[in-house]
Amino acid sequence: MTLPIVTAASNFTMKKQLLFLLIAPFLVSGCVANGDQMAAFSSDVSQVQQRQIDSRLFDTGDETMVLQAVVGVLLDTGFKVTETNITQGLVSAQKGASGAGIFAGRDVRITVTTFKVTDASIRVRATFQDISRGTDPRYIRGEQVKDARVYQSFFDKLAQSLFLDANQV
């Protein structure tokens, strides 16, 4: 009876295969989605309908003026501006749970982006997120606010601010 010859190369290959068989179940189990994760993909509002709710087109070509008006509206409504980038057309802000009004008792984050559509029009898109913290403060969960009244209120204030700025009132 002859014994198979085990070389260093075949021994290394066997170790790799054994290691793969030990790790594979953990890799696959990490891909299983729970109910909360799947809820993120299901909604009563379609993507197109949500885009209509959270976007507005303004008749101005001055993107800097629009971003300044966005910052003004956010500050006036109790948000703390956390990031601005004029070249990319981005403003981010958040409001703590101590605020009053529509977001009373809730942590809220907003991200506003601007996009120059033509020389005379700019699209503004706002995304509100309701922030919830679990028992571990390192983990934060943000869920998009889908209430059209929130977006309507924000865009009404922004339109009023742009109107006043344009007419130098």
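In the predicted model, strands β3 and β4 run antiparallel and are joined by 6 bridges. One of the residue pairings across these strands involves K95, whose bridge partner in β4 is V108. Strand β3 spans residues 90–95 and is mostly covered, with 5 of its 6 residues buried. Strand β4 extends over residues 107–118. On its other pairing, β3 meets strand β2 (residues 80–85), again in the antiparallel sense, over 5 bridges. Here T84 has V91 of β3 as its bridge partner. The hairpin formed by β2 and β3 has 4 residues between the strands, and within this hairpin G89 adopts a positive phi near 70 degrees. Strand β3 is thus bridged both to β2 and to β4. In a regular strand, side chains point alternately to the two faces of the sheet.

Strand β4 also contributes to the surface of the model. V117, which is found in this strand, is partly exposed, with a relative accessible area of 40%. Together with L57 and F115, V117 makes a nonpolar surface patch of about 290 Å². The value of 40% for V117 lies above the accessibility cut-off of 30% that applies to patch residues.

Aromatic contacts were examined next. A pair of aromatic rings is described by the distance between the centres and the angle between the planes. The count comes to 5 aromatic pairs. In one of these, F128 and Y151 are arranged edge-to-face, with 5.2 Å from centre to centre and 75 degrees between the planes. This pair links distant parts of the chain, as F128 belongs to strand β5 (residues 121–133) and Y151 to helix α5 (residues 148–166), 23 residues apart. Both partners are withdrawn from the surface: F128 is buried at a relative accessible area of 3%, and Y151 is buried at 0%.

F128 takes part in a further edge-to-face pair, formed with F154, in which the centres are 6.0 Å apart and the planes stand at 80 degrees. Because F128 lies in strand β5 and F154 in helix α5, the pair ties together parts that are 26 residues apart in sequence. F154, like F128, is buried. The strand residue F128 therefore has aromatic partners in helix α5 at both Y151 and F154. These three residues belong to one aromatic cluster, which is formed by F58, F79, F128, Y151, F154 and F155.

Helix α5 is also the place of S161. With a relative accessibility of 19%, S161 counts as buried, because the cut-off for this class is under 20%. When residues up to four places away in sequence are not counted, S161 touches A69 and V73.

Charged side chains provide a second set of contacts. Side chains of opposite charge can pair when their charged atoms come close. The count comes to 2 salt bridges. In one of them, R125 pairs with D54, and the closest N and O atoms are 3.1 Å apart. Since R125 lies in strand β5 and D54 in helix α3 (residues 47–54), this salt bridge ties together parts that are 71 residues apart in sequence. The two partners fall into separate accessibility classes: R125 is partly exposed at 27% relative accessibility, whereas D54 is buried at 0%. Strand β5 thus takes part in a salt bridge to helix α3 through R125 and in aromatic pairs to helix α5 through F128.

The other salt bridge joins D147 and R149, with the closest N and O atoms 2.7 Å apart. D147 is partly exposed, at 26% relative accessibility, while R149 is exposed, at 59%. R149 is placed in helix α5. In addition, R149 and I53 are 96 residues apart in sequence, yet their C-alpha atoms are 9.1 Å apart in space.

Technical notes:
Residues are numbered from 1 along each chain as its sequence is written. Side-chain values use heavy atoms; hydrogens and water are left out. Rings of Phe, Tyr and Trp (its six-membered ring) pair if their centres lie within 6.5 Å; planes under 30 degrees apart count as stacked, over 60 as edge-to-face and the rest as tilted. Helices (H or I, at least four residues) and strands (E, at least two) are DSSP runs, numbered from the N terminus. Buried means under 20% relative accessible area, exposed over 50%, partly exposed in between (1.4 Å probe, protein chains only). Patches are made of residues with over 30% relative accessible area and no salt bridge: like charges are joined within 9 Å, nonpolar side chains (Val, Leu, Ile, Met, Phe, Trp, Tyr) within 5 Å. Accessible areas come from the Shrake-Rupley method with a 1.4 Å probe; for residues, only the protein chains shown count as cover. A salt bridge is a side-chain nitrogen of Lys or Arg within 4 Å of a carboxyl oxygen of Asp or Glu. Contact means heavy atoms within 4.5 Å. Two strands pair if DSSP finds at least two bridges between them.
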